[in-house]
Amino acid sequence: MSRRNIALIPAAGSGTRFGADKPKQYLEIHGKTVLQHTLDIFLSHPQIHYTAVILAADDRIFQTAANSRLGIFRAGGASRAETVRNGLRILAEQNIAAPCDNILVHDAARCCLPREAIGRLIACAGEAEAGGILALPVADTLKRSGGTNRIAATVSRNGLWQAQTPQLFQTALLERALSAPDLDGITDEASAVERLGIRPLLVEGDARNLKLTLPQDEPLVRLLLRPTP
């Protein structure tokens, strides 16, 4: 069965933890916004057939050159899950995504994603009914707080992975997972799919695929995105 690979970039968040005067996806790094760096990764990838960016309804900042492989939709929701659900609905209504196509949901603020990681995800999970996500085994020792900035316990890291994006699922499966009326506690697409009793694949991610979340992340992102001579 021939499947298309469609990237879906939810970019409707306000990025409040970053503490800037505008959403973090519009921080400019080396002449381009974080969001544009992210879009360029997918628009230039030979295995990605189409990229959809889902913006807030009142977004007046986003600008980019016209591209036949890029769709811009102002349909952001109150949460990431709602934004992705809205994006899926539009892709289906406009006959852009078929039920069997792969949807690769990726954080707008993960602008350092290596191209080879996309290929690895598609190779490992592109034909898997359960889908799959990029992730890294947890390397650091984990501590649980007792609520008073004191250690309550050391948590075993055995079997623990740190989820990244993209997260790849067939359109029909992702629509079903996000159709629940209650999306509370859904922090990524995999957690929605897991509620259906399905166990997505864990595919080796990349340490460079970090998410710009706090101001101290910016210097490393700038270094990773530095143009090569």
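**Entry 1: the surface and the whole chain**

I began with the surface of the protein chain, which exposes about 11,800 Å², with carbon and sulfur atoms supplying 50% of that area. I note at the outset that this is a predicted model.

I then looked up the secondary structure and recorded 6 helices and 11 strands for the protein chain. The radius of gyration of the protein chain is 18 Å, close to the 17 Å that the globule rule gives for 229 residues, so the chain is as compact as a globular protein of that length. I also noted the extent of the C-alpha trace along its principal axes, which is about 50 × 45 × 35 Å.

How much of the chain is buried? I found that buried residues make up 47% of the 229 residues. I next took the contacts with a separation of 6 or more, and residues 24 or more positions apart account for 68% of them.

For charge, I recorded 26 positive and 23 negative side chains in the protein chain. The centres of these two sets lie 4 Å apart.

**Entry 2: helix α1 and V34**

I turned to helix α1 and found it mostly covered, with 9 of its 10 residues buried. The buried residues are V34, L35, Q36, H37, T38, L39, I41, F42 and L43.

I chose V34, a residue of helix α1, for a closer look. Is V34 buried or exposed? V34 counts as buried because its relative accessibility is 0%, and the cut-off for buried is under 20%. Leaving out residues up to four places away in sequence, V34 touches K24, Q25, L27, I29, A108, A109, C111 and L212. I checked one of these partners, A109, by distance: V34 and A109 are 75 residues apart in sequence, yet their C-alpha atoms are 6.4 Å apart in space.

**Entry 3: helix α3**

I looked up which residues of helix α3, residues 115-125, are buried, and listed A117, I118, G119, L121, I122 and A125. What covers these buried residues of α3? The cover includes helix α1 (34-43) and the strands β1 (5-11), β6 (102-105), β7 (132-137), β10 and β11 (201-204).

**Entry 4: strand β10, T165 and P166**

Strand β10 was among the elements covering α3, and I examined T165, which is found in this strand, residues 161-170. T165 has a relative accessible area of 3% and is therefore buried.

Which side chain forms a polar contact with that of T165? I found that the side chains of T165 and H106 are joined by a polar contact of 2.8 Å. Setting aside neighbours within four places in sequence, T165 is in contact with R80, V105, H106, D107, R110, L113, L134 and N209.

I then followed the backbone from T165 to P166, which also lies in strand β10. The peptide bond joining T165 and P166 is cis, with omega about 10°.

**Entry 5: L183 and A81**

I located L183 in the loop between α4 (171-177) and α5 (189-194). With a relative accessible area of 12%, L183 falls under the 20% cut-off and so is buried. Not counting residues up to four places away in sequence, L183 touches A81, E82, R85 and L178.

I followed the contact with A81 to helix α2, residues 80-93, where A81 has its place. A81 counts as buried, at 4% relative accessibility. How far apart are the C-alpha atoms of L183 and A81? They are separated by 6.9 Å, although the two residues are 102 residues apart along the chain. Beyond four places in sequence, A81 touches L178, L183 and I186.

I looked up a second distance from A81, this time to E127. These residues are 46 apart in sequence and 24 Å apart in space, C-alpha to C-alpha.

**Entry 6: positive phi angles**

I finally looked for residues other than glycine with a positive phi. H30 has a positive phi of about 50° although it is not a glycine. H30 is placed in the loop between β2 (28-29) and β3 (32-33). At 37% relative accessibility, H30 counts as partly exposed.

I also recorded N95, a residue other than glycine whose phi is near 55° and positive. N95 has its place in the loop between α2 and β6. Is N95 buried or exposed? N95 is exposed because its relative accessible area is 69%, and exposed means over 50%.

Technical notes
Residues numbered from 1 in each chain as written. Predicted model: local features only at pLDDT ≥ 70, side-chain atom pairs only at ≥ 80, totals over all residues. Heavy atoms only, no water. Helix = DSSP H or I, 4+ residues; strand = E, 2+ residues; numbered from the N terminus. Rg over C-alpha atoms; globule rule 2.2 N^0.38 Å. Buried < 20%, exposed > 50% of the residue type's maximum accessible area, 1.4 Å probe, protein only. Contact = heavy atoms within 4.5 Å. Areas by Shrake-Rupley, 256 points an atom, 1.4 Å probe, with all protein chains shown as cover. Lys, Arg positive; Asp, Glu negative; His and termini not counted. Charge placed at Lys NZ, Arg CZ, Asp CG, Glu CD. Polar contact = N/O pair within 3.5 Å; in protein donor to acceptor, adjacent residues only side chain to side chain.
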